[in-house]
Amino acid sequence: MKKLIAAMMALAMLPMAMNAQGNIHERSTQYEWPQDEQVVSNLKAWQDLKFGVLFHWGLYAVPGIVESWSICDEDWITRDSTCTYQQYMDWYFGLADELRPTQFDATQWAQACQDAGMRYMIFTTKHHDGFCMWDTKQTDFSIAHHAFRDDPRRDVLRHVLDAFRAKNFTVGTYFSKPDWHSQLYWWDTYGKKGRNVNYPIKQHPERWQKFVKYTHNQIEELMTNYGKVDILWLDGGWVAAENRGQDIDMPGMARMARSHQPGLIIVDRTIHGPYENYQTPERTIPEEQLPYPWESCIPLSDDWGFVNRPRWKSPQRVVNTLVEIVAKGGNLVLGVGPTPEGLIQPEAVSRLKSIGQWLNKNGRAIYSTTTTPRYHDGSLWFTAAKDGSAIYAIYTLAEEQPMPTEVTWTGNVPAKGVRLLSTGKKLKTKVVGDQVTVTLPKQMPQESFALELRMK
């Protein structure tokens, strides 16, 4: 048995070689504004936040592998042929008896994210593997019923939401619609067949309806037992009526959820219609501005959850990504994966702090801004104050690029001069027709910067 466990730990690293496109969801190509005025109002307030965090944390953190995708039997996933699929499944689900985050500290998470300048948070309550990070009454497959059951912090979700609300974050719950642990979704009577339900729903409608009820009951727990929730972020877009009849009764779920949480933003990602209140391009940024709510979800490392040898993005790269997204009218939710012990790694904390330091100086060009028709010119991205008083020109300095002595763009001609946003210093500005050239101060920090173009 020890040899088998050792082999499983070695094999666990193999899913890191998965085809990167296999589990990336493209955004919908259409958008439908919700009819509920309170939802629309909350969406517009959410759009002002601009920057948030998405936590992936679950069984997969123990060995440090790519979320729960390794138990899916699609052909883009690599597993060692010396291990049977059932052996791997047994090992993976057995990680429930090893996830014991004795250093779990939600206040550390909240502080690191506040220091980063983030304004909202989404926490993964359940990924596709079905392991619940709250004290659900619908299944024993949860952190509150296994290795962490005797810890007073076992209802992890409660501590996370409380910690972030204490710092005035908008809070959301990620929830996977499929559930690969549930016999109501992956039934052992049938073999596993990819990510979808593995039995014919038309032949077993009563089993599917039990799954729908199970799912609604879990959502109701999340909406009634944990205080105010602002966002319900639903993953697993293949669970949809048009795909093998996987009708989860979204109208009924939405009515129930909003009866407990009026104005709730629902993100049934990749499913165009009234329950995809904002779009979620994953690991990508749309090519052009979009005139409706959207959010690029991009991890801080190459992976959503904790892995043993992460490749981190630099603070400058994250800042430049945020700037482009905001100029195109979107929000950025940055993925962070806490360790199996329950902490955010020092390498992540330091990067988040650096991002926050930049936002402390330049955040007026990011938060609560709106788009401007002329939004991009070379390394410059433009946002605008909602009252029309200013346009912000944000220069995205590439890594290892020397700081320019002046910047030039076309259009967005200032009426009342240009200032360096971080210091308020008025800068020498030359305007020829619709071309603007601004001379920069000497000895500027080696980082991206924002200019304030006074328009009134």
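In the predicted model, three strands form an open sheet in the order E12-E16-E15, and their pairing is antiparallel. The edges of this sheet are taken by strand E12 (406–410) and strand E15 (429–432), each of which has a single partner strand, so one side of each is left without a neighbour in the sheet. From one strand to the next, the twist averages 15°. Strand E12 is joined to strand E16 (residues 435–439) by five bridges, the two strands running antiparallel, and within this pairing Glu-406 stands opposite Thr-439 in E16.

A second open sheet consists of seven strands in the order E5-E4-E3-E2-E1-E7-E6, with parallel pairing. Here strand E5 (265–268) and strand E6 (295–299) stand at the edges, and because each has a single partner strand, one side of each is left without a neighbour in the sheet. Neighbouring strands of the seven-stranded sheet are turned against each other by 20° on average, direction ignored. Helix H6 (residues 205–224) packs on this sheet, where it touches strand E2 (120–126), strand E3 (170–176) and strand E4 (231–235), and the direction of H6 makes about 165° with that of E3.

Within the seven-stranded sheet, strand E7 (residues 331–336) is joined to strand E1 (residues 51–55) by five bridges, and the two strands run parallel; Phe-51 stands opposite Leu-332 in E7. Strand E7 is likewise joined to E6 by five bridges in a parallel arrangement, with Leu-332 in E7 serving as the bridge partner of Ser-296. Although E6 stands at an edge of the sheet, five of its five residues are buried. In a regular strand the side chains alternate between the two faces of the sheet. For E6, both faces are covered, since Glu-295, Cys-297 and Pro-299 on one side and Ser-296 and Ile-298 on the other are all buried.

Val-333, which has its place in strand E7, illustrates the surroundings of this strand. With a relative accessibility of 0%, Val-333 counts as buried. The C-alpha atom of Val-333 is separated by 4.4 Å from that of Gly-52, although the two residues are 281 residues apart along the chain. When residues up to four places away in sequence are not counted, Val-333 touches Gly-52, Val-53, Leu-54 and Tyr-120, and also Glu-295, Ser-296, Cys-297 and Ile-298.

The largest nonpolar core comprises 128 residues, of which Phe-55, Tyr-92, Met-121, Phe-123, Phe-164 and Trp-208 touch the most other members. With neighbours within four places in sequence left aside, Phe-55 is in contact with Trp-109, Cys-113, Met-121, Ile-122, Phe-123, Thr-124, Phe-164, Val-336, Pro-338 and Ile-344. Apart from this core lies another, of 20 residues, among them Ala-393, Trp-409, Phe-449 and Leu-453.

Two helices provide a further example of packing. Helix H8 (residues 315–327) and helix H9 (residues 346–362) pack at an angle of about 50°, and their axes are 9 Å apart. This angle makes H8 oblique to H9, and H8 passes H9 in a right-handed crossing. On the H8 side, Pro-315, Val-318, Val-319, Leu-322 and Val-323 meet Arg-351, Ser-354, Ile-355, Trp-358 and Leu-359 in H9.

Strand E10 (residues 380–385) pairs with several other strands, as described below. Six of the six residues of E10 are buried, so this strand is largely enclosed by the rest of the structure. Strand E8 (residues 369–370) pairs with E10 in the antiparallel sense over two bridges, and Thr-370 has Ala-384 in E10 as its bridge partner. Strand E9 (residues 376–377) is also joined to E10 by two bridges and runs antiparallel to it, with His-376 opposite Trp-381 in E10. The hairpin of E9 and E10 has two residues between the strands, and in this hairpin Gly-378 takes a positive phi near 65°. Five bridges join E10 to strand E11 (residues 390–395), again in an antiparallel arrangement, and Tyr-392 in E11 is the bridge partner of Thr-383. E10 and E11 form a hairpin with four residues between them, in the turn of which Gly-388 has a positive phi of about 80°.

Methods: Residues numbered from 1 in each chain as written. Predicted model: local features only at pLDDT ≥ 70, side-chain atom pairs only at ≥ 80, totals over all residues. Heavy atoms only, no water. Core = buried A, V, L, I, M, F, W, Y, C linked by side-chain atoms within 4.5 Å. Buried < 20%, exposed > 50% of the residue type's maximum accessible area, 1.4 Å probe, protein only. Contact = heavy atoms within 4.5 Å. Pairing = 2+ DSSP bridges. Axes fitted to C-alpha atoms, helices over the stretch in contact; angles between N-to-C directions. Parallel < 35°, antiparallel > 145°, perpendicular 65-115°, else oblique. Left-handed = near helix turned anticlockwise from the far one by under 90°.
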